[in-house]
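User: I'm new to reading protein models. Could you walk me through some of the terms with examples from this one?

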Amino acid sequence: MKRRAARAAFVCGAVLALAAAGALGQDIVAQASVDRATIHENESFNYTIRVEGGAVGEPDVSFLEQQFDVLNRSSASRINLLNGRTQQIYEWTYQLMPRRAGQFTLPALQFGAVLSNPVTIDVQPAPVTPGEVADIFMEVEVEPARVYVQAQVIYTLRLFVGVGTSRASLTAPPVVGSEAIIERLGEDARYQVVRGGRNFVVNERRYAIFPQQPGTLTLGPATYEAMVIPNRGFSRVQRLRSEVVDVEVLPAVPPPPELAGAVWLPAKSLTLTETWADDGQDFSVGVPRTRILTVAAEGLLETQIPELKIEQATGIRQYPDQPELESERTPEGLKVTRTERYAVMAQVAGEASIPAAELPWWNVREERWEVARLEPEVVTVAAGEQPATVPTTAAEEVVPAGDFVTSTSYWPLVSAVLSLAWVTTILLWLRARFGVGKRKREAEQLRAQTASRSSRRLSKQLHAACVANDAARARDLLLEWAKQAFASDPPASLGALRERLPEPLAAEVGALEAELYGREGQPWSGRGLADLADRLDSVKSAPEKR
């Protein structure tokens, strides 16, 4: 037993020594950040320092106490093992309360030979709150109040809680007056604030909302419900609703004549960039290179960015691959990218032109049409291994019959010509058949991905409507979902839809129908249907219920 224990201790020590050695051999990366760059007086924020790489000591943050009250501090460390290499990560988090309004810069911190980035924080004067402040209240901020159709609206909901609570729930704001897509922007921010001389804990939640029709978009009210536990008296259930906000949704602006046919693409910013997977390599005839075009945009859904239109050029062929779509949710809204890869092959030696690429878009900040464009590029193509071609003189030359009899020197040439023509024909047929088939499969896959994302968004919106007990909104969302799920023969009513759904979904849809059209039904609770909303995606693949 003692030998086993000694052997285990030796192995553990060796592993830790190797991990430490691997960590010490890595470069150090230091990153500082705050959870909110703009706050008010009497509001707290979190300042986090993250270090990856070798072992480091605790940072010197004594400067913080000159301008902030340090309410809390915490630290954590861990070792990750990836592909046989170790990575040591340290994190320090400080909860800070500013002592006055103004703009402050948290300086860079030293970690060995590496400096972290400085961070700027803007502390604005505290808002004036007239009269007595309630124990719990909500504030809503919508930006902008006037937006173009399919453009992004940022909806910020702040919940102020000054008493103890339990079993709390907060619903998303319902949308009335127009169809819209709602995307939650990450996790809630949590901080402290002083209002009316009282301390409050604030939960800040943000949504990106994309109206799909022009007109007036009504947002809210969001609903908060909790068991309130006061310092004195009995506990009670309290329900609060936020204010309702109207947003003016403007119609799409037609493109100018020189951009006729452009897709409506309202964004805060949009860029088009080009890279090559094999950067630095020269062009050679018959040798493919990978061209990567990336569209990066702010304030759009990733599915809004259309396919790039690339013109073909003489001597150059480009073969597209399936695009890659990515989305990042930030407090300021959605940041999305669309990446398209092309296999670029030069056909002849000499100079050739890589064709231009462009994407028109509507700048919602400047309120004007703009074009993200890559200019054509002239490249030099070196001679490479080219496939053999049949000389026209050999094909057209007439050979006397007697020569074929008396000499066999022409037969290898004739055989080679016929073989090459046969192989070329087969290759061209295969390319035409399977190249088109691949493009069709890629288009079908992209359409399927888009339909899947739309179905998931409808499920999320249905869940929110059910939690808010909004029966009319739930009905409209169910019928809209049914148009996609049963595209060949969509049901026109809840009753018809109920017949095609499995239990227990059918029972919940029946209860909703009774609430909307029954004479003496019990008050409808959408909680049951909300819990089953995520099952809708599996219904499309199941056989219809008759």
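Analyst: Happy to! This is a predicted model. A good place to begin is a network of salt bridges that links E141, R158, E204 and R206.

User: What makes the contact between R206 and E204 a salt bridge?

Analyst: The distance from N to O between their side chains is 3.4 Å. The cut-off is 4 Å between a side-chain nitrogen of Lys or Arg and a carboxyl oxygen of Asp or Glu, so the R206 and E204 pair counts as a salt bridge.

User: Why is E204 called buried, and R206 partly exposed?

Analyst: E204 has a relative accessible area of 8%, and buried means under 20%, so E204 is buried. R206 stands at 24%; partly exposed lies between the 20% and 50% cut-offs, so that label fits R206.

User: How do you know that R195 and E139 tie together separate parts of the chain?

Analyst: Their side chains meet in a salt bridge at 2.9 Å, N to O. R195 lies in strand 16 and E139 in strand 10, so the pair joins parts that are 56 residues apart in sequence.

User: And what makes R195 buried or exposed?

Analyst: R195 has a relative accessible area of 5%. That is under 20%, so R195 is buried. Its partner E139, at 27%, is partly exposed.

User: Why do you say that strand 22 and strand 30 pair?

Analyst: Pairing needs at least two bridges. Two bridges join strand 22 to strand 30, so these strands pair, and they run parallel.

Terms used
Residues are numbered from 1 along each chain as its sequence is written. This is a predicted model: local features need pLDDT of at least 70, side-chain atom pairs count only at pLDDT 80 or more; totals for chains, interfaces and linings use all residues. Side-chain values use heavy atoms; hydrogens and water are left out. Helices (H or I, at least four residues) and strands (E, at least two) are DSSP runs, numbered from the N terminus. Buried means under 20% relative accessible area, exposed over 50%, partly exposed in between (1.4 Å probe, protein chains only).
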